[in-house]
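Take a moment with the sequence and the fold below. The walk-through starts with the strands and then turns to charged side chains.

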Amino acid sequence: KYTRVRVTTNIAGSSLTGILPPQSATADGAVLILENLGDGANTPASTLTLKYYQTSNASARFVLPGQVDLVIPVWGAATLVYDGTLQLWKCTGHAK
């Protein structure tokens, strides 16, 4: 199952440290597409940053390419797949 989330960021940019997985037996393999809509004025600085492995809830963490934060620019997107065994979100692709 795919879930599409469209995020509106503020002019200085916004960050996500994690997203709780679906609360069901089907969480493993869940696909989440995150889209950055920006601040509504297409301000280039209104980025969406996914924080690498930073949250108090272990099952909501992001594992990202290069083990660093992933910055998604305005109109960019990232695709995440939930790994139920490791209990974290893996980034499988992103568009800038």
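How many bridges join strand 3 to strand 7, and do these strands run parallel or antiparallel? Five bridges join them, and the two strands run antiparallel. Strand 3 covers residues 31-38 and strand 7 covers residues 77-83. One contact to look for is I33, whose bridge partner in strand 7 is T79. Keep in mind that this is a predicted model.

Now move on from strand 7 to strand 8, residues 88-95. Seven bridges join this pair, again in an antiparallel arrangement. D83 has L88 as its bridge partner in strand 8. Strands 7 and 8 form a hairpin with four residues between the strands. In that hairpin, Q87 takes a positive phi near 55°.

Strand 8 also pairs with strand 5. Here two bridges join the strands, which run parallel. V63 stands opposite K90 in strand 8.

Put the pieces together and an open sheet of five strands appears, in the order 1-3-7-8-5. Its pairing is mixed. Strand 1 (2-8) and strand 5 (62-63) stand at the edges. Each has a single partner strand, so one side of each is left without a neighbour in the sheet.

Next come the charges. The model holds four salt bridges. Among them is the pair R4 and E35, whose side chains meet at 2.9 Å, N to O. R4 lies in strand 1 and E35 in strand 3, so this salt bridge ties together parts that are 31 residues apart in sequence.

E35 also meets R6 in a salt bridge, at 3.2 Å, N to O. R6 lies in strand 1 too, so its link to E35 in strand 3 ties together parts 29 residues apart in sequence.

Are the three residues buried or exposed? E35 is buried, with a relative accessible area of 18%. That value falls under the 20% cut-off. R4 counts as exposed at 53% relative accessibility. R6 is partly exposed, at 48%.

Return to the hairpin strands for another salt bridge. The side chains of D83 and K90 meet at 3.0 Å, N to O. D83 is buried, with a relative accessible area of 14%. K90 counts as partly exposed at 34%. Sharing of partners matters elsewhere: salt bridges join R4, R6 and E35 into one network.

Key. Residues are numbered from 1 along each chain as its sequence is written. This is a predicted model: local features need pLDDT of at least 70, side-chain atom pairs count only at pLDDT 80 or more; totals for chains, interfaces and linings use all residues. Side-chain values use heavy atoms; hydrogens and water are left out. Two strands pair if DSSP finds at least two bridges between them. Buried means under 20% relative accessible area, exposed over 50%, partly exposed in between (1.4 Å probe, protein chains only).
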